[in-house]
Amino acid sequence: MERGHGEMERDDGRYGRERERMVEDQLVARGVTDPRVVGALGRVPRHRFVQEALRERAYGDHPLPIGEEQTISQPFIVGLMTSLLELTGREKVLEVGTGSGYQTAVLAELARRVCSIERLPRLAERARATLEALGYDNVWVRVGNGTLGWPDQAPFDRIIVTAGGPAVPPPLVQQLAEGGRMVLPVGSTDNQVLTLVERVDGQIRERAHSECKFVKLVGKYAWEP
Ligand code: SAH
């Protein structure tokens, strides 16, 4: 199932071509080939999630600043993490670290509903406005400490954390549904291991995927502010 959210809002042409190149060179060439993931990154207008002055660089192979010392993740990382979630279109997803809302939009294209938590109110507000302008109506953005999860909406079929903490926050494990998958960076503040946590027959399985580098996950069960 593919959703064509906010088709009218998409400023294509030049950006559309840059997006196609991004998908080919940064995702497919490096092994992120899941057609649904490739399709979603090919549709979501990444330039709309960065400030005007940085739009020219929106499709480059790097993260970019989004204010408040935070960054929009590199396209490859968004593609990789989304692939690891193995979304089918039926899932309720929890995202911790809304940031620009770009990853949120990619998830919204591929899941039933996305509940996203951001600790910085200004970023949450801007992400909400961007997502609304693009027509995403299956996304809820809330301000708070995402390491506590979103108990009212739990359990979640999928959980993604887009900031790096020292360990897997226990409330997130508790809120992971049976058969669910969680992807998150775990490690030091300098570098982390992209970690996959699954709940299979009531048991928690954890495995390391690859190295990565994210901004700090802050709050209880994570780093001090
Ligand atoms: N996926 C986002 C990445 C943003 S960077 C994007 O591509 O734009 C990570 C975000 O996590 C930052 O905005 C930061 O403020 C937020 N964050 C850090 N710790 C958090 C916490 N405990 N709860 C919620 N958000 C948190």
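**Notes on the ligand site, helix α5 and two loops**

1. Start with the ligand: one of its oxygen atoms sits 2.6 Å from an N or O atom in the side chain of Ser100. Keep in mind as you read that this is a predicted model.

2. Glu118 does something similar, with a side-chain N or O atom 2.6 Å from an oxygen atom of the ligand. For Thr162, the ligand atom is a nitrogen, and the distance to an N or O atom of the side chain is 3.3 Å.

3. Which residues come nearest to the ligand? There are 26 residues around the ligand, and the nearest are Ser100, Glu118, Asn145, Gly146 and Val218. So if you have the structure open, Ser100 and Glu118 are worth finding, as both are on that list and each has the side-chain approach described above.

4. Now for helix α5, residues 121–133. Its length checks out: 13 residues at 1.5 Å each should span 18 Å, and the C-alpha atoms at its ends are 18 Å apart, which agrees.

5. Which residues of α5 are buried? They are Leu123, Ala124, Ala127, Thr130 and Leu131. These residues take up an arc of only 130° around the axis, so they lie on the same side of α5. The spacing fits the usual rule: an α-helix has 3.6 residues a turn, so residues three or four places apart point the same way.

6. What covers that buried side? The cover includes strands β1 (64–67), β2 (70–72), β4 (113–118) and β5, along with helix α4 (102–110). Turn to the other side of α5 and you find Arg122, Glu125 and Glu132 exposed. After the helix comes Gly135, with a positive phi near 90°.

7. Pro155 is in the loop that links β5 (139–143) to β6 (156–161). Setting aside neighbours within four places in sequence, Pro155 contacts Lys92, Gln175 and Ala177. Val173 is 18 residues from Pro155 in sequence, and their C-alpha atoms are 9.7 Å apart in space.

8. Last, the β8–β9 pair. Strand β8 (residues 192–200) runs antiparallel to strand β9 (residues 203–212), and 9 bridges join them. One of the residues to look at is Arg199, whose bridge partner in β9 is Ile204. The two strands make a hairpin with 2 residues between them, and Asp201 in the turn has a positive phi of about 50°.

Conventions: Residues numbered from 1 in each chain as written. Predicted model: local features only at pLDDT ≥ 70, side-chain atom pairs only at ≥ 80, totals over all residues. Heavy atoms only, no water. Pairing = 2+ DSSP bridges. Helix = DSSP H or I, 4+ residues; strand = E, 2+ residues; numbered from the N terminus. Contact = heavy atoms within 4.5 Å. Expected span 1.5 Å × (residues − 1). Buried < 20%, exposed > 50% of the residue type's maximum accessible area, 1.4 Å probe, protein only. Arc of directions from axis to C-beta. Near = heavy atom within 4 Å. Polar contact = N/O pair within 3.5 Å; in protein donor to acceptor, adjacent residues only side chain to side chain.
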